[in-house]
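User: Please take a close look at one part of this model, the place where the two chains meet. Then follow the elements there outward into each chain.

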Amino acid sequence: MITGNGLTSAYNFAFIDENTKKEIRRKLLKAIAVPGYQVPYSSPEMPIARGWGTGGLHVTLAVIGRGDTLKVIDQGSDASVNACSLRQFIHKMTGCRTTVDTAEATLIQTRHRIPEEILTPQQILVFQVPQPEVLRTVERLEDRTRQMHAEADYSRMWVSLYESYVRFGSLMRGAGYPVKVNGRYLMSPSPIPRWDVPNLNDARCLYLFGAGREKRLYAIPPHTRVEPLEFEDVRFRVEEWGNTTCAYSQQGDAFLDEIYENEQVKKFVVNDSNFLDKLRSGPRPPQRLFRNPE
Amino acid sequence: MGYVAVKGGQDAIDNAALLVEYFRLKERTPPIEVEQIRTQMRLLVDRVMGEGSLYAPEHAALAIKQVEGDTFEAAFLLRAYRATLNRRFYSEIIDTRHMQVQRRISSAFRDIPGGQILGPTRDYTMRLFEPRLAVETLDSMEDLLRSIDASLTLPEAVEGIRTFGKVIDLLLSEGVMRKDMRGDADRRVVDVTREAIRFPAPRSAVLQMLARAETGGLMCLGYSTMRGFAAGGHGTVGELRAGKVDVRITDPRGRLRYVGRIVVTECEMVNSVKSGKKKDPTPYLSVGYGLCFGHNDTKAICMGMLDSSLREPNDSNPANSQEFTLYHTEGVESYGFTNHLKLPHYVTFQSGLDNLRNSMRRVREMRQRALAGYAGVPQS
């Protein structure tokens with residue numbers, strides 16, 4: 001039978017064994033040194049399922065220290081069930097303080113959003129990435145996409161954008177809009193909405209990306225040039241809501257969720273839950289806004 | 001409210017976890033003991049250990065109990081647990097010529113030195129219900145075991161006490177199979193649990209991935225090779241054997257240490273290959289190799305088929321593509337990602353909806369302009 005303390009002993013600080021954490025940190029340093037380049041890593045199994053944020057969790061657990069204050073959001077919300085479960089797990093394994101306040105956190109793990117409130121040089125944003133390979137939509141084989149990156153051969157991506165324009169009259173990329181990092185690597189920003197993409201450019205904070213299932217890490221260091229792909233005459237555009245404002249805060253200029261109250265009536269609500277709380281309780285937090293070209 | 005409530009997410013997941021326990025126990029039948037699962041669900045335990053990539057029968061049995069028999073979840077539990085353990089040693093190479101054989105068959109030859117040994121297999125049984133199992137008791141179990149014991153001429157052979165030479169050794173000594181035929185093969189030994197697989201992957205990585213792969217996924221692709229979705233016909237089971245092998249490690253002082261004994265299934269699929277070499281165009285036999293934890297004939301055979309097909313790259317057939325086969329038979333990963341679809345996706349969905357609505361509006365406007373043109377209405 002199961003003997004010893006194999007199942008009952010306390011886990012290592014931040015769950016993962018020290019050697020693996022060291023390996024992940026080394027590879028993160030490489031990722032930061034080569035912005036936008038996907039670094040393969042060991043990606044050990046976590047107690048949460050693949051596709052549920054294992055890559056983000058690896059990064060968070062590898063870089064978190066006892067003094068960190070952690071925030072976890074999923075689709076902009078601190079209360080989303082998976083955010084709760086990740087936050088609870090990281091807290092259990094590290095004892096670190098947790099918060100929902102964007103400004104207060106030193107380390108934020110996110111799925112599919114960048115907080116509206118502007119992040120500072122003291123903060124790290126960790127993205128959970130389902131598909132790190134931005135070229136996967138135009139080339140299914142990993143072997144070839146790596147070669148395309150090595151040769152900076154992004155012609156097929158440009159052609160695919162052009163074809164979208166010819167067929168639909170726009171670039172038709174929803175979340176996960178392809179970006180060029182530091183003028184070199186094409187990169188998937190993870191499925192953040194286009195609304196968030198301009199915030200990747202020349203940011204003050206460090207962005208780290210973890211794709212657990214695909215076993216890749218990448219990074220955007222502070223003040224790096226990040227440009228969404230666009231043509232001179234067909235420009236990148238963020239999502240638009242016209243003059244619609246949030247039903248709770250009566251304010252706009254934030255990513256809005258569309259909520260059906262019934263079949264006829266829709267209401268719109270600010271997606272970022274902490275931003276919404278702040279809008280409702282005090283002055284509007286600092287934000288960096290992008291205006292669509294005319 | 002939806003499942004992303006602004007408040008209450010934490011309560012919801014706590015309650016969901018509690019409900020799972022309730023559903024597991026609500027019928028108030030006697031609890032299944034872990035030891036019963038380990039011993040009476042032997043093949044399930046073996047499968048979970050293989051896919052969980054951890055040879056730990058008690059832990060596998062506990063996992064099966066905890067997740068109500070879901071093999072994906074059980075393998076997942078083992079994988080997550082093994083990720084917390086340091087990799088301290090790599091074992092020495094296991095030579096299955098020293099396997100204490102419980103079962104060995106060859107379909108390539110009518111008879112093999114040492115004989116065909118069926119061992120414990122349901123292969124030749126009629127798949128009919130056995131009603132007495134519905135009312136099995138400790139007494140009926142004892143009666144059956146006593147009668148089996150009484151009929152044994154070599155009681156120790158049941159557990160596998162002797163070793164056998166290998167069928168491929170016959171082919172090697174005859175020269176129809178040679179060890180050096182694929183001199184250009186990538187022989188680096190990598191550890192797929194420590195570094196991400198890269199393509200084209202060395203054979204060591206391929207075999208490790210196949211050994212950890214989900215049995216059903218392997219069978220799907222292995223089967224596809226026999227139905228025309230891979231070059232060539234199907235191979236022949238040169239030898240399929242299962243039994244116990246000793247695991248040894250070299251300690252830091254360089255001494256060989258015995259650390260335990262595990263059950264494995266090994267399969268060598270024999271294929272005829274035409275040599276592509278211009279210097280030496282002699283055709284030869286090659287081996288597709290499979291080895292997995294526990295007793296799992298299907299998995300070992302499919303590994304053998306896929307090891308062969310993966311050495312003939314052809315991206316139009318799934319089983320000839322390393323990337324297709326290795327990525328998509330990885331059970332814990334495919335299970336996780338498939339189920340992640342249950343996570344909320346409203347931000348991503350909204351972002352796509354925005355594009356779609358704009359595109360629909362543009363099309364509508366274009367149509368209206370065109371219609372207006374036909375009607376002779378001057379366009380502004």
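Analyst: In this predicted model, 48 residues of chain B are in contact with 50 residues of chain A. Five helices of chain B each supply at least two residues of the side that touches chain A. They are H1 (9-25), H4 (57-66), H5, H12 (331-339) and H13 (346-374). H13(B) gives the largest share, 11 residues. By class, the side of chain B that touches chain A divides into 20 nonpolar, 16 polar and 12 charged residues.

Take H5(B) next. This helix spans residues 71-82. H5(B) also packs within its own chain.

One partner is H4(B). The axes of H4(B) and H5(B) come within 8 Å and cross at roughly 130°. That angle is neither over 145 nor within 65 to 115 degrees, so the two helices are oblique to each other. Their crossing is right-handed. On the H4(B) side, the contact is made by His59(B), Ala60(B), Ala63(B), Ile64(B) and Gln66(B). On the H5(B) side, Ala74(B), Leu77(B), Leu78(B) and Tyr81(B) meet them. This contact has 7 nonpolar residues, 2 polar and no charged ones.

The other partner to look at is H3(B), residues 42-52. Its axis and that of H5(B) come within 8 Å, crossing at roughly 50°. H3(B) and H5(B) are therefore oblique to each other. This crossing is right-handed. From H3(B) come Arg47(B), Val48(B), Met49(B), Glu51(B) and Gly52(B). From H5(B) come Thr71(B), Ala74(B), Ala75(B), Leu78(B) and Arg79(B). Here the classes are 5 nonpolar, 2 polar and 3 charged. Ala74(B) and Leu78(B) figure in the contact with H3(B), and also in the contact with H4(B).

Now cross to chain A. H4(A), residues 142-150, has Glu142(A), Thr145(A) and His149(A) buried. Seen down the helix axis, these buried residues fall within an arc of 60°, so they line one face of H4(A). What do the buried residues of H4(A) pack against? They pack against strand E7 (185-187) of chain A together with helix H11 (322-328) of chain B. The packing of this face thus involves elements from both chains. On the other side of H4(A), Gln147(A) and Ala150(A) are exposed.

H4(A) is followed by Ala152(A), whose phi is positive, near 50°. Most residues other than glycine have a negative phi. Two other residues of chain A call for the same check of the backbone. Met172(A) is not a glycine, yet has a positive phi of about 55°. Met172(A) sits in the loop between helix H5 (155-168) and strand E6 (179-181) of chain A. It has 17 other C-beta atoms within 10 Å, so it is partly exposed. Asp253(A), also not a glycine, has a positive phi of about 55°. Its place is the loop between strands E10 (226-228) and E11 (256-260) of chain A. With 14 C-beta neighbours inside 10 Å, Asp253(A) counts as partly exposed.

Further along chain A is H6(A), residues 273-281. Its buried residues are Ser273(A), Asn274(A), Phe275(A), Leu276(A), Lys278(A) and Leu279(A). Their cover includes strand E12 (266-270) of chain A. In the segment after H6(A) lies Arg288(A). Is Arg288(A) buried or partly exposed? It has 15 C-beta neighbours inside 10 Å, so it counts as partly exposed. Beyond its neighbours within four places in sequence, Arg288(A) is in contact with Ile118(A) and Asn199(A). Arg288(A) and Ile118(A) are 170 residues apart along the chain, but their C-alpha atoms are separated by 6.4 Å.

One backbone detail remains, in chain B. Most peptide bonds are trans. The bond from Phe199(B) to Pro200(B) is cis, with omega near -5°. Pro200(B) lies in the loop between helix H7 (167-174) and helix H8 (203-212) of chain B.

How values were computed. Residues are numbered from 1 along each chain as its sequence is written. Chains are lettered from A and ligands numbered from 1 in the order in which they are written. This is a predicted model: local features need pLDDT of at least 70, side-chain atom pairs count only at pLDDT 80 or more; totals for chains, interfaces and linings use all residues. Axes are lines fitted to C-alpha atoms, for helices over the stretch in contact, and angles run from 0 to 180 degrees between N-to-C directions. Helices (H or I, at least four residues) and strands (E, at least two) are DSSP runs, numbered from the N terminus. Angles under 35 degrees count as roughly parallel, over 145 as roughly antiparallel, 65 to 115 as roughly perpendicular and the rest as oblique. A crossing is left-handed if the near helix is turned anticlockwise from the far one by less than a right angle, and right-handed if clockwise. Two residues are in contact if their C-beta atoms, placed from the backbone, lie within 7 Å. Ala, Val, Leu, Ile, Met, Phe, Trp, Tyr, Cys and Pro count as nonpolar, Asp, Glu, Lys and Arg as charged, and the others, Gly among them, as polar. A residue is buried if 20 or more other C-beta atoms lie within 10 Å of its own, exposed if 12 or fewer, and partly exposed in between; C-beta atoms are placed from the backbone. The arc is that of the directions from the helix axis to the C-beta atoms.
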